[in-house]
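Trainee: I'm new to this one and would like a close look at a single part. Could you pick a piece and walk me through it, along with what lies around it?

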Amino acid sequence: MRWMLGVAACLMAGTAAADEDRFVASNTYATFYHELAHALVDILELPIFGQEEDAADVLSALMISEMWEEDRAVEIAYDAAFGFLAEADDYGAVDDDALSGVHGPDVQRYYNLVCIFYGANPEEREDIAEELGLPEDRAETCEDEFIQASQSWGTVLDRLAESDDPGALILIGDDPLQREILQDEIDWMNEQMSFPQNIPVRLEDCGEANAFYDMGTQEITMCSEYPVDLRRLYRIAEDL
């Protein structure tokens, strides 16, 4: 795929504070990619066979694997995976509310992320699959799952890379932490891809820890409360 150009990334020091900052940044990237998937489904009128939330998770896992140099990609994958586990631990037992929601259970999202990330490079990432507890019977399907993800979402991303459309991702808002995390990433994506229209990415208070795409305004919102909650989840993840 033409968009697999890589992003330079400096690895953070192994201090507790740096690990927490890395966890926040990694999960912010993963969530942003997820919400971008919703935007692309809407704006490009993409057909989705199955749950759109699952398709958005697939794009997030694919972009983590393919847009970053290996060391940083591994860090983001680990952090995002443990983000799901922390959510699952925080939420408690899976009940009807969880099973009836549009998102799959967090533990299932954990395994889906690990599987696609591992499937992108099974020979080099076998130890990752083992460390993250990917069952052997699931691991056998992961390379095919990655190929399927690459063939579907990769076609969309290639289309954006080849496009002369005038649109771009536009970062709006004064949240200093999320702007620091996302600005370079969005600038890089705008250099590599063009969109049919501008897609605003708003950084603002929402009254809750959340991130979402609004089909009415066709904007992505990354709530300023979200990184604060990620720090709470990091402390949960430390104990898992």
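**A helix and its surroundings**

Mentor: Let's take helix 5, residues 106-119: at 1.5 Å a residue, its 14 residues should span 20 Å, and the end C-alpha atoms are indeed 20 Å apart, so the two agree. Keep in mind that this is a predicted model.

Now for how hidden it is. Buried here means under 20% relative accessible area. By that cut-off, 10 of the 14 residues of helix 5 are buried, so the rest of the structure largely encloses it. Going along helix 5, you meet Asp 106 as a buried residue, then Arg 109 and Tyr 110. From there the buried ones are Leu 113, Val 114, Cys 115, Ile 116, Phe 117, Tyr 118 and Gly 119.

And what does the covering? Among the elements over those buried residues are helix 1 (16-43), helix 2 (52-67) and helix 3 (70-91). Helix 6 (126-131) and helix 7 (136-162) are included as well.

Helix 1 also leads us on to the sheet. That sheet is open, with four strands in the order 1-2-4-3 and mixed pairing. Strand 1 (169-172) and strand 3 (211-214) are its edges, each pairing on one side only. From one strand to the next, the twist averages 20°. Strand 2 (residues 199-204) and strand 4 (residues 219-223) run parallel, joined by four bridges. Look there for Arg 202, which stands opposite Thr 221 in strand 4. Helix 1 packs on this sheet and touches strand 1, strand 2, strand 3 and strand 4, with its direction making about 10° with that of strand 3. So helix 1 is a handy link in your picture: one of the elements covering helix 5's buried residues, and packed on the sheet too.

Conventions: Residues are numbered from 1 along each chain as its sequence is written. This is a predicted model: local features need pLDDT of at least 70, side-chain atom pairs count only at pLDDT 80 or more; totals for chains, interfaces and linings use all residues. Side-chain values use heavy atoms; hydrogens and water are left out. Helices (H or I, at least four residues) and strands (E, at least two) are DSSP runs, numbered from the N terminus. The expected span of a helix is 1.5 Å times one less than its number of residues. Buried means under 20% relative accessible area, exposed over 50%, partly exposed in between (1.4 Å probe, protein chains only). Contact means heavy atoms within 4.5 Å. Two strands pair if DSSP finds at least two bridges between them. Axes are lines fitted to C-alpha atoms, for helices over the stretch in contact, and angles run from 0 to 180 degrees between N-to-C directions.
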